[in-house]
Amino acid sequence: MSSKPKQLISGQDYSVSCDVEGSVPDTEIRWMQNNRPFTKAKIRTVNNSSIVTSVLSFQPSSEDDGTVLKCEGSNPRLQNSVLEDSVIMNVLYPPQVTLSLGSTLNPDDIKEGDDVYFECHIKANPREHRITWSHDGSPVTQNVTSGVIISTRSLVLQRVGRYHSGMYACSAANEQGESQSAPVSLRIHCKYPHYHHPH
């Protein structure tokens, strides 16, 4: 590969060239990603006397991050003539964020006085530098005395009351942007049914 990209930004256009010398005109050049054909790209081949150049044009996405991009040159008439060059793709992309209620909780059976926690799941490159939380669109801040505890990727609500009901979301930001999770609904049931005594 004539120039190996150090890092790629998702959604931008890139072209990577692979030069294979000798063996013209029988050279076959294949582009592979994690040892499977690299499909979502435009490939054009340029013949120039003793060098064949294959140019791969593509837009990387978050799924390509960490995968191996490989160029294989071979002469189909010669066995074991494969030569290869590869690069690990480092693709930068904005955070991908999903929020879930703590896995040990039953969302249909949360009562006043229970402890509740949310988990914010984040995939990001580079790693997120900020996580924020919201409740019905308003920011949630740490307040240990009132039982709101924020740790790395989780939000804990101790001894919840009815006023904790509503929609919760988490957001994460890195150098590529900021993304918010889809909201998750928290419903809190009354612990004791209220009876109206007839007068």
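Strands S5 and S6 pair in the antiparallel sense, and 7 bridges join them. The model is a predicted one. Within this pair, Thr 45 stands opposite Ser 54 of S6. The two strands form a hairpin with 2 residues between them. In that hairpin, Ser 49 takes a positive phi near 40°.

**The three-stranded sheet**

S5 and S6 belong to an open sheet of 3 strands. The order is S2-S6-S5, and the pairing is antiparallel. Strand S2 covers residues 14-21 and strand S5 covers residues 42-48. Both stand at the edges with a single partner strand each, so one side of each has no neighbour in the sheet. From one strand to the next, the twist averages 20°.

The other pairing in this sheet joins S2 to strand S6, residues 51-58. These strands run antiparallel and share 8 bridges. Two partnerships help to locate the register. Tyr 14 has Phe 58 of S6 as its bridge partner. Cys 18 has Ser 54 of S6 as its bridge partner. Ser 54 is also the residue that Thr 45 stands opposite.

How enclosed is S6? Of its 8 residues, 6 are buried, so the rest of the structure largely encloses this strand.

**The five-stranded sheet**

A further open sheet has 5 strands, in the order S1-S9-S10-S14-S13. Its pairing is mixed. Strand S1 (8-9) and strand S13 (148-151) take the edge positions. Each has a single partner strand, so one side of each is left without a neighbour in the sheet.

S1 pairs with strand S9, which spans residues 91-101. The pairing is parallel and rests on 2 bridges. Here Leu 8 has Val 91 of S9 as its bridge partner.

**Ser 179 and its surroundings**

Ser 179 sits in strand S16, which covers residues 177-180. Is this serine buried or exposed? Its relative accessible area is 18%, so Ser 179 counts as buried, the cut-off being under 20%.

What does Ser 179 touch, leaving aside residues up to four places away in sequence? The contacts are Pro 94, Pro 95, Val 97, Cys 170, Ser 171 and Ala 172. With Pro 95 there is also a polar approach. A polar atom of the Ser 179 side chain lies 2.6 Å from the backbone oxygen of Pro 95.

**Backbone exceptions in the loops**

Most residues other than glycine have a negative phi, and most peptide bonds are trans. Several sites here depart from that pattern. Asn 34 and Asp 136 are compared below.

| Residue | Phi | Loop | Relative accessibility |
|---|---|---|---|
| Asn 34 | positive, about 50° | between S3 (28-33) and S4 (36-37) | 34%, partly exposed |
| Asp 136 | positive, about 50° | between S11 and S12 (138-140) | 49%, partly exposed |

Neither Asn 34 nor Asp 136 is a glycine. Where is a cis peptide bond found? The bond from Asn 125 to Pro 126 is cis, with omega near 0°. Pro 126 lies in the loop between strand S10 (116-125) and strand S11 (130-135).

**The annotated spans**

An unreviewed UniProt entry lists residues 1-90 and 95-185 under "domain: Ig-like". The span 95-185 is 0% helix and 54% strand. Its end C-alpha atoms lie 22 Å apart.

**The protein as a whole**

The protein has 0 helices and 17 strands. What is its radius of gyration? The value is 27 Å, whereas a compact globule of 199 residues would have one near 16 Å. Along the principal axes, the C-alpha atoms fill a box of roughly 100 × 30 × 20 Å.

Of the 199 residues, 37% count as buried. Contacts in sequence tell a further part of the story. Among contacts between residues at least 6 apart in sequence, 62% join residues at least 24 apart.

Key. Residues numbered from 1 in each chain as written. Predicted model: local features only at pLDDT ≥ 70, side-chain atom pairs only at ≥ 80, totals over all residues. Heavy atoms only, no water. Pairing = 2+ DSSP bridges. Helix = DSSP H or I, 4+ residues; strand = E, 2+ residues; numbered from the N terminus. Axes fitted to C-alpha atoms, helices over the stretch in contact; angles between N-to-C directions. Buried < 20%, exposed > 50% of the residue type's maximum accessible area, 1.4 Å probe, protein only. Polar contact = N/O pair within 3.5 Å; in protein donor to acceptor, adjacent residues only side chain to side chain. Contact = heavy atoms within 4.5 Å. UniProt positions renumbered as here; feature names shortened; annotations may be inferred. Rg over C-alpha atoms; globule rule 2.2 N^0.38 Å.
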